[in-house]
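I opened this notebook page to keep track of what I looked up in one structure, going through cysteines, salt bridges and enclosed spaces in turn.

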Amino acid sequence: NNIFQIYPIDLYKSEIKKDFKIVYMSTINLDFDSNKKKFWEENKEKILEDFTIIDNKDFLLSKLSGKNLHEINAYYRAIKLHLRFEIISHLKKRLKDKFLLIGDDWQKYSFNALNSNYDIKKNKKIYEGNICLDLGCIEGSSSLYSRSNQIIESGGLIVQSKQMDSNEKWGQLSKHIVFKDFNDLNVVIDEIFKDYQNANKILEKIYNHFLN
């Protein structure tokens, strides 16, 4: 009765909407204890230079020596949420009305965001034909998980922060949809806005990539 899906299986072929938006759905909560906030502030600059450093085991263990795995995981989750906040702040400022943010929690941080929606069918309609931002699972580093699978199955063009298995799962598509810092993200977004037909080609390649 319970299905743990690790791969997109129910694909819907779509095209990019002429009036497409960059869509992001998520929750956000930065109410952490002072130690986690201090850790973020002390390492923020280095993390924002290369988002993937938070998945570097040596980096985490060197910065959090003496803490057990449960504690390290709690810090990891806090770091990912802070990073999520910085990326969304960057995109909202840069894209303005072209960026569609969905999630009640964002409103308490003064973001113009739509209310959360837990209807899967409605979410799939929102993803369809839009550019869908994915910042990875809060629990770890994996390209394919529930949210990214849903985006792919809905016919949305996924743009994803680099995960530990990005090259393996995306192959040549990585250069079009994967980013590891703000510069990469800007290049990916600019490429999509510059060439609508090319964006459609990328979406079709994603569809074919998972078709079989």
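The entries below follow the order in which I looked things up.

**Entry 1: the model and its cysteines**

I noted at the outset that this is a predicted model, and I read every value below as computed from it. I began with the cysteines and asked how many disulfides there are by the distance rule. The count comes to 0.

I then wanted to know why Cys-132 has no bonded partner. The closest cysteine sulfur to that of Cys-132 belongs to Cys-137 and is 17 Å away, which is too far for a bond, because a disulfide requires two cysteine sulfur atoms within 2.5 Å. Looked at from the other side, Cys-137 is likewise in no disulfide, with the sulfur of Cys-132 as its nearest.

I also checked the surroundings of these two cysteines. Cys-132 is buried, with a relative accessible area of 0%, whereas Cys-137 is partly exposed, at 21%. I wrote down that the value for Cys-137 earns the label "partly exposed" because buried means under 20% relative accessible area.

**Entry 2: salt bridges**

I searched the whole structure for salt bridges next, and the search returned 12. I followed up some of them individually.

I took Glu-204 and Lys-13 to begin with, whose closest N and O atoms are 3.7 Å apart. This pair links distant parts of the chain, since Glu-204 sits in helix H10 (residues 196-211) while Lys-13 belongs to the segment before S1, 191 residues apart. I looked up the accessibility of both partners and found Glu-204 partly exposed at 38% and Lys-13 partly exposed at 47%.

I turned to Lys-124 and Glu-153, which form a salt bridge with 3.8 Å between the closest N and O atoms. Lys-124 lies in helix H5 and Glu-153 in helix H6, so this pair ties together parts that are 29 residues apart in sequence. Is each partner buried or exposed, or something in between? Lys-124 is partly exposed, with a relative accessible area of 25%, while Glu-153 counts as buried at 8%.

The next pair I examined was Glu-128 and Lys-125, with the closest N and O atoms 3.1 Å apart. Here Glu-128 is buried, at 17% relative accessible area, and Lys-125 is exposed, at 53%. I recorded as well that salt bridges sharing partners join Asp-165, Glu-168 and Lys-169 into one network.

**Entry 3: Glu-153 again**

I came back to Glu-153 to see what part of the chain lies beside it. Glu-153 is found in helix H6, and its C-alpha atom is separated by 5.6 Å from that of Tyr-12, although the two residues are 141 residues apart along the chain.

**Entry 4: the largest pocket**

I moved on to open spaces and looked up the largest pocket, whose volume is about 480 Å³. Its lining consists of 22 residues, and those nearest the centre are Met-25, Ser-26, Thr-27, Tyr-127 and Arg-147. I asked which elements each supply at least two residues of this lining. They are strand S1 (22-25), helix H5 (120-127) and helix H6 (146-154). Sorted by class, the lining of this pocket holds 10 nonpolar, 9 polar and 3 charged residues.

**Entry 5: the cavities**

I finished with closed spaces, and the search of the whole structure gave 2 cavities of 30 Å³ or more.

The largest cavity contains about 150 Å³ of space. It is lined by 15 residues, with Ile-54, Lys-80, Leu-83, Leu-135 and Ser-161 nearest its centre. Helix H3 (residues 69-95) contributes the largest share of this lining, 4 residues. I noted the classes for the largest cavity as 7 nonpolar, 4 polar and 4 charged.

The second largest cavity has a volume of about 60 Å³. Among the residues lining this second cavity are Tyr-12 and Lys-13, together with Ile-152, Leu-203 and Tyr-207. I had already met Lys-13 as the salt-bridge partner of Glu-204, and Tyr-12 through its C-alpha separation from Glu-153. H10 gives the largest share of the second lining, 3 residues, and by class that lining has 5 nonpolar, 3 polar and 1 charged residues.

Terms used
Residues are numbered from 1 along each chain as its sequence is written. This is a predicted model: local features need pLDDT of at least 70, side-chain atom pairs count only at pLDDT 80 or more; totals for chains, interfaces and linings use all residues. Side-chain values use heavy atoms; hydrogens and water are left out. Buried means under 20% relative accessible area, exposed over 50%, partly exposed in between (1.4 Å probe, protein chains only). On a 1 Å grid over the protein atoms alone, a cavity is a set of points where a 1.4 Å probe fits but cannot get out, and a pocket is an open set with protein on both sides within 12 Å along at least five of seven lines; lining residues have an atom within 4 Å of a point. Grid points are joined across faces, edges and corners, and a volume is the space filled by probe spheres set on the points. Ala, Val, Leu, Ile, Met, Phe, Trp, Tyr, Cys and Pro count as nonpolar, Asp, Glu, Lys and Arg as charged, and the others, Gly among them, as polar. A salt bridge is a side-chain nitrogen of Lys or Arg within 4 Å of a carboxyl oxygen of Asp or Glu.
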